[in-house]
Amino acid sequence: MTQGYRLSLAHINDTHSNFEPSRVQFPLNVGHKTLDVTSHSGGYARLGYHIAKAREHATQRNIPFLFLHGGDSFQGTLYFSHFKGKANAHLLNLLAPDAMVIGNHDIDEGNARLADFARQIDFPLLAGNMDLSQEDVNKLGCLRTVPNILAFDEKSQLATYLLKPFYDTKIAIIGITLDQMKEIARPDPDTHFVDAISTTARTVAHLHAEGIKHIIVLSHLGLDQDKRLAEQVSGISLIVGGHTHTLQGDFRALGLSNLPYGEVINGTPIVHAGKYAEVVGLAEIEFDAEGRAINLSGGNHFMLDQHFILSANTAVDDQDYQAVRQQLSQHPNIFWDDTDTDIAGIIRDIYKPAIAEMENKVLALVPKNLVHTRLPSKALPHGSEIAPWVSRSMFQEAKIEDPRVHFALHNAGGVRQSVAQGQLTLADVMGQLLPFELPLVKYEIQGQFLYQALESAINAATNNSVRGTGAGSFPYTYGLRYYYDGRRPLGERLFKLEMMQQDGPSLWYPVEPESLYVGVSTSYTAAGKEGYHPLLQARWQESIESLTLPQAFIRFLNRAPNLADFLSPHVHYTSHLKRSG
C-alpha cells in the first residue's frame with residue numbers, strides 16, 4: 001500500500017463496573033473567576049454511542065476498526081458486588097470489544113469468577129503471560145479449559161495471540177498482564193505469571209519471523225512498565241494500556257493532567273484512557289508496511305452531562321453558566337451526553353433496581369470533601385484523607401471483638417475513591433469506597449517485622465530501590481505512627497516507629513523490636529501482598545469471621561454517623577519520600 005496502513009481505534013481501560021456516568025469535578029477559569037464544575041462523565045450507554053459512531057465512521061471510509069479494553073472490568077461499584085460479573089459480561093458484549101486483557105482486579109476473586117465471566121462473553125480474553133499449564137483441569141472454575149482465553153503457551157514459550165485481517169496482511173494482538181499478579185491479586189495457587197517483557201520479546205520475534213509486522217500489545221502493566229516494554233522490545237507497532245488510571249491528553253483547561261496522548265517510546269506509541277469509563281480513547285493510526293507507526297491523531301474524550309453544577313466563592317449567575325458551557329463546547333476532547341438508548345434501558349430496567357435500595361440508605365454525613373490519594377504529596381502531606389478513617393474503623397471494630405488489638409494497618413489500594421461532602425450511603429461504601437469484601441485478620445507479631453513490613457511497603461509504593469507493584473501498597477495506620485526517610489540505606493529508612501497508648505491520653509511509646517504486638521489488617525495485606533511479606537512472620541494469624549473491611553467501616557459509621565470532628569491521621573512522614581526513576 002502506497003498510502004500506508006490506517007487503523008481506527010477505540011479503547012478503554014480500568015472501567016471497574018462503572019456502568020453509569022461517574023461524578024467528575026474540575027476548576028474552570030471564566031474571566032476573573034475560578035468556578036468549580038461538577039458533572040458526570042461516561043458510563044456504558046455513552047461509551048456505546050461513541051464507539052458505535054467511530055465504528056460506523058471507519059466502515060464508511062473502509063478503514064479497519066478495533067475496539068480494545070485494557071483490563072480491570074471487575075470491582076469498583078455495587079454492580080459488581082451484587083451481580084458478580086454477570087452485568088459486566090452482558091454490557092461488555094453490547095459494546096462488542098475485539099479483545100480485552102486480564103487485569104489484576106479481574107482475578108481478585110480467584111479463577112472461578114473469571115472463568116464464569118469468560119464463558120459469558122463474546123470476545124477473546126487475553127493474558128499471554130498467564131501460565132495455565134499446571135492448572136487442575138478437574139477443579140471448578142478452571143481457566144485452562146475456557147476456549148476464548150488466550151494465555152501463555154508453555155511448549156512454545158510464547159503468548160497465544162489474536163490475528164485479524166489487515167489490508168493485504170494481518171495484524172496481531174498480544175495480551176500482556178502484570179507478572180507480579182500473585183503479589184497484588186488472588187489467582188489460584190496453580191496459576192502462574194511469567195515475565196512480561198521476555199514473553200513479549202519472544203512473541204514479537206516469532207511474529208516477525210512469520211512475516212507479521214503489525215503488532216499491538218494490549219497491556220495491563222501500567223504506563224511506566226509500558227514505556228519500559230517499548231524501550232526494551234523493538235518492533236511493537238502500538239501499545240494500548242491500562243492499570244495506572246492514566247489520563248493522557250492536554251486537559252490543563254480543566255485543571256487536570258497534561259500528558260501526551262500516544263507518547264512514542266522507541267518508535268512505539270502508547271495510549272491509555274484514564275479510569276472508570278469516564279473517557280473514551282479514539283485514535284487513527286497510520287503504519288508503514290513494516291508495522292511502524294508513522295502518524296497518530298486523536299485523544300481521550302470526556303462525555304459530560306448537558307447540565308452541570310457551578311460553585312464559587314462569589315455569586316454564580318446565568319452568564320457564568322453560559323460562559324462555562326461555551327468553553328466546554330469548544331474543548332476538542334469533550335463530548336456531551338449522547339447515549340445508546342438500548343444500553344441505557346438495559347442498565348435502568350435490568351440492573352439498576354437491585355442497586356437503588358442501597359443508594360437510599362444513608363450511613364453518615366460527611367462535613368467536607370475527603371480526598372483519597374495513594375501517596376503523600378506537597379498538597380496533601382499526610383496523603384489520603386479517608387484511608388486513616390478506614391484504618392481507624394478496622395482498629396475500633398476489631399478491638400471490640402478482641403481487646404488485645406494494638407493497631408490497624410491497611411494499604412492505600414484497598415481504598416478506591418475520594419468521599420464527597422454530604423450524605424454517604426451504603427452504596428457509596430459497598431460499591432465504590434470499599435468494594436473488596438475482604439475478611440479482617442488479626443495477628444501477633446514482633447516489632448522488628450513491623451519495621452520491615454512498613455519500610456518494604458513504602459519502598460514498593462515509591463519504587464525506591466525496588467521494583468514495586470504500584471502506589472497501592474502505601475501503608476495507612478491507626479494506633480501506629482512511623483517516620484520514613486527514603487534517602488537512607490535499605491533497612492534503615494523506617495527509623496522511628498511508635499505505638500499509641502491504649503488507654504488514657506494519646507501518648508506514644510517506641511515499638512521495641514523484640515516485643516509482641518497484636519494488629520489487624522485485611523486478609524490481602526496479612527497474606528504478605530505488595531511488599532507486606534514480613535507480616536508472614538507473625539506468631540499467629542486468625543481471621544475475624546464476623547468482620548469484613550466494608551462491614552467494619554459501616555459499623556464504625558453507625559456508631560459515629562457525623563464525621564464533623566475530623567481528626568488528623570495518626571501517621572507521620574518525613575518530607576523525603578524519594579522515588580526512583
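Two strands pair if DSSP finds at least two bridges between them. The exercises below use a predicted model.

**Exercise 1. Which residue in β19 stands opposite V240, and how many bridges join β15 to β19?**

Solution.
- Step 1. Find V240 at the end of β15, which covers residues 238-240. V240 stands opposite V271 in β19.
- Step 2. Count the bridges: β15 and β19 are joined by 2. The cut-off is at least two bridges, so these strands pair.
- Step 3. Give the direction: β15 and β19 run parallel.

**Exercise 2. Describe how β18 and β19 are connected.**

Solution.
- Step 1. β19 spans residues 268-271, and 3 bridges join β18 to this strand. The two run antiparallel.
- Step 2. Name bridge partners in β19: I270 for E263, and P269 for V264.
- Step 3. Look at the link. β18 and β19 form a hairpin with 2 residues between them. In the turn, N266 has a positive phi of about 55 degrees.

**Exercise 3. Place these strands in their sheet, and state which strands stand at the edges.**

Solution.
- Step 1. The sheet is open and has 6 strands, in the order β11-β12-β14-β15-β19-β18, with mixed pairing.
- Step 2. β11 (162-166) and β18 (263-265) each have a single partner strand, so one side of each is left without a neighbour in the sheet. These are the edge strands.
- Step 3. From one strand to the next, the twist averages 25 degrees.
- Step 4. Add the helices. Helix α6 (residues 196-209) packs on the sheet and touches β12 and β14. Helix α7 (residues 223-232) also packs on the sheet, touching β14, β15, β18 and β19. The direction of α7 makes about 165 degrees with that of β19.
- Step 5. Check the faces of β19. T268 and I270 on one side are buried, as are P269 and V271 on the other, so both faces are covered.

**Exercise 4. How do the axes of α11 and α14 cross, and which residues meet?**

Solution.
- Step 1. The axes of α11 (residues 426-433) and α14 (residues 549-559) come within 10 Å and cross at roughly 155 degrees.
- Step 2. Angles over 145 degrees count as roughly antiparallel, which makes α11 roughly antiparallel to α14. The crossing is right-handed.
- Step 3. L426, V429, M430 and L433 in α11 meet P550, F553, I554 and L557 in α14. The residues of this contact divide into 8 nonpolar, no polar and no charged.

**Exercise 5. Is E397 buried or exposed?**

Solution.
- Step 1. Locate E397 in helix α10 (residues 387-401).
- Step 2. Buried means under 20% relative accessible area. E397 has 1% relative accessibility, so E397 counts as buried.
- Step 3. Leaving aside neighbours within four places in sequence, the contacts of E397 are L547, A552, R555, F556 and R559.

Note on methods
Residues are numbered from 1 along each chain as its sequence is written. This is a predicted model: local features need pLDDT of at least 70, side-chain atom pairs count only at pLDDT 80 or more; totals for chains, interfaces and linings use all residues. Side-chain values use heavy atoms; hydrogens and water are left out. Helices (H or I, at least four residues) and strands (E, at least two) are DSSP runs, numbered from the N terminus. Axes are lines fitted to C-alpha atoms, for helices over the stretch in contact, and angles run from 0 to 180 degrees between N-to-C directions. Contact means heavy atoms within 4.5 Å. Angles under 35 degrees count as roughly parallel, over 145 as roughly antiparallel, 65 to 115 as roughly perpendicular and the rest as oblique. A crossing is left-handed if the near helix is turned anticlockwise from the far one by less than a right angle, and right-handed if clockwise. Ala, Val, Leu, Ile, Met, Phe, Trp, Tyr, Cys and Pro count as nonpolar, Asp, Glu, Lys and Arg as charged, and the others, Gly among them, as polar. Buried means under 20% relative accessible area, exposed over 50%, partly exposed in between (1.4 Å probe, protein chains only).
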